[in-house]
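This report describes selected features of helix packing and residue burial. The structure is shown first, and the account follows.

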Amino acid sequence: MPDFSAVKAALAAQRIETPSWGYGNSGTRFKVFAQAGVPRDPYEKLDDAAKVQEFTGVAPVVALHIPWDRVDDYAALGRHAADRGLELGAINSNVFQDDDYKLGSVCHPDATVRRKAVDHLLECVDIMDATGSRDLKLWFADGTNYPGQDDIVGRQDRLAEALSEVYARLGQDQRMLLEYKLFEPAFYTTDVPDWGTAYAHCLKLGPKAQVVVDTGHHAPGTNIEFIVATLLREGKLGGFDFNSRFYADDDLMVGAADPFQLFRILHEVAKNGGFAPETGVAFMLDQCHNIEAKIPAVIRSVMNVQEATAKALLVDLDALAAAQRSGDVLAANAVLMDAYNTDVRPLLREVREEQGLAPDPVAAYHASGWQKHIVADRVGGTQAGWGA
């Protein structure tokens with residue numbers, strides 16, 4: 001049977017990274033609906049993130065996105081985060097929103113455009129130096145829409161050249177996390193479409209290059225937990241972008257569409273040592289809250305990850321291994337299902353109370369009055385967001 005004291009200790013020690021853009025106006029490709037009280041700059045985003053940490057106790061890290069979070073003084077932004085009990089996490093690059101990138105960024109056929117894209121990635125490493133961030137997260141919208149539009153192998157060569165230059169710029173304790181995506185916005189070929197392509201590039205680059213798994217970036221029916229287990233086995237799982245999808249890259253709250261899938265993923269993480277700090281796996285949300293209130297949605301997402309983690313930690317691994325060795329298919333499956341069907345909410349309430357937190361983070365947030373405060377206070381200026 002699982003050691004409940006160890007399970008509780010693991011839950012209390014969990015760290016979930018929240019995305020700065022999740023607090024701003026972001027949403028679908030067709031329309032972004034503005035909400036009252038949304039942050040107007042990165043400092044106000046951190047103020048909101050501090051509330052998520054205040055009520056969950058497991059979300060002390062905030063990822064930034066450049067240029068959405070560009071400021072004049074990143075050291076000052078880091079101090080602002082520290083004053084609120086936070087630290088700055090992954091620096092996410094953006095080489096997909098400029099008109100120059102219509103035909104790609106680091107894979108573009110024009111060397112001038114490629115130079116512009118690589119210079120931005122190097123700027124992001126400079127920002128990492130200033131903020132103390134460990135991770136540079138790379139996602140490329142690069143690809144083609146039509147057969148014959150560009151040379152497939154040539155684009156891979158350009159990608160490898162760009163990644164190699166940026167990799168060489170990384171500091172000793174910094175990492176490059178390469179994200180992949182099946183399709184969109186490129187519809188014929190995507191230059192980093194799957195975990196195999198990302199893994200191949202990272203393997204050639206070296207130990208500071210690892211793969212990040214966005215749970216919304218796969219074809220229907222893909223066994224994501226197999227990918228996670230394989231990358232953990234190879235020491236190449238750098239982190240997650242947690243969200244949910246029904247059709248494509250929907251960016252809905254993690255666990256909303258298929259909580260059983262989230263449990264299966266985190267079971268492989270738990271079983272294969274992925275929660276150990278020395279693995280360095282980053283557990284980050286990557287979501288766009290378009291019709292739901294921002295801060296409660298982030299809190300709910302953190303809670304969804306906590307619940308799936310608790311269930312994964314409750315799997316009786318000894319009983320599972322015994323059933324697997326004996327070839328008892330039903331017994332092995334039952335071990336997993338028993339853990340998944342456990343109501344872990346009382347356990348998590350107990351963990352929060354032992355940390356001096358309210359047992360229900362969402363209710364505690366609503367009772368805090370912060371939402372009313374920001375709606376009244378954040379009047380005027382331009383709300384943060386990426387538009388659509």
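In this predicted model, helix H12 spans residues 345-354, and its buried residues are Leu347, Leu348, Val351 and Arg352. These residues lie on the same side of H12, because they cover an arc of only 135° around the axis. The elements that cover them include helices H1, H9 and H13. Gly356 follows H12 and has a positive phi, near 80°.

The helices involved in the covering of H12, together with H12 itself, have the following extents.

| Helix | Residues | Role |
|---|---|---|
| H12 | 345-354 | contains the buried residues Leu347, Leu348, Val351 and Arg352 |
| H1 | 4-13 | among the elements covering the buried residues of H12 |
| H9 | 294-313 | among the elements covering the buried residues of H12 |
| H13 | 361-368 | among the elements covering the buried residues of H12 |

Helix H9 also holds Ser301. Ser301 has a relative accessible area of 0% and is therefore buried, the cut-off being under 20%. Leaving aside residues up to four places away in sequence, Ser301 touches Met253, Val254, Leu285, Gln287 and His289.

A further packing concerns helix H8 (residues 259-271) and helix H11 (residues 329-340), whose axes come within 11 Å and cross at roughly 115°. H8 and H11 are therefore roughly perpendicular to each other. Their crossing is right-handed. On the H8 side, the contact is made by Pro259, Phe260, Phe263 and His267, and on the H11 side by Leu336, Met337, Ala339 and Tyr340. Of the residues in this contact, seven are nonpolar, one is polar and none is charged.

Technical notes. Residues are numbered from 1 along each chain as its sequence is written. This is a predicted model: local features need pLDDT of at least 70, side-chain atom pairs count only at pLDDT 80 or more; totals for chains, interfaces and linings use all residues. Side-chain values use heavy atoms; hydrogens and water are left out. Axes are lines fitted to C-alpha atoms, for helices over the stretch in contact, and angles run from 0 to 180 degrees between N-to-C directions. Helices (H or I, at least four residues) and strands (E, at least two) are DSSP runs, numbered from the N terminus. Angles under 35 degrees count as roughly parallel, over 145 as roughly antiparallel, 65 to 115 as roughly perpendicular and the rest as oblique. A crossing is left-handed if the near helix is turned anticlockwise from the far one by less than a right angle, and right-handed if clockwise. Contact means heavy atoms within 4.5 Å. Ala, Val, Leu, Ile, Met, Phe, Trp, Tyr, Cys and Pro count as nonpolar, Asp, Glu, Lys and Arg as charged, and the others, Gly among them, as polar. Buried means under 20% relative accessible area, exposed over 50%, partly exposed in between (1.4 Å probe, protein chains only). The arc is that of the directions from the helix axis to the C-beta atoms.
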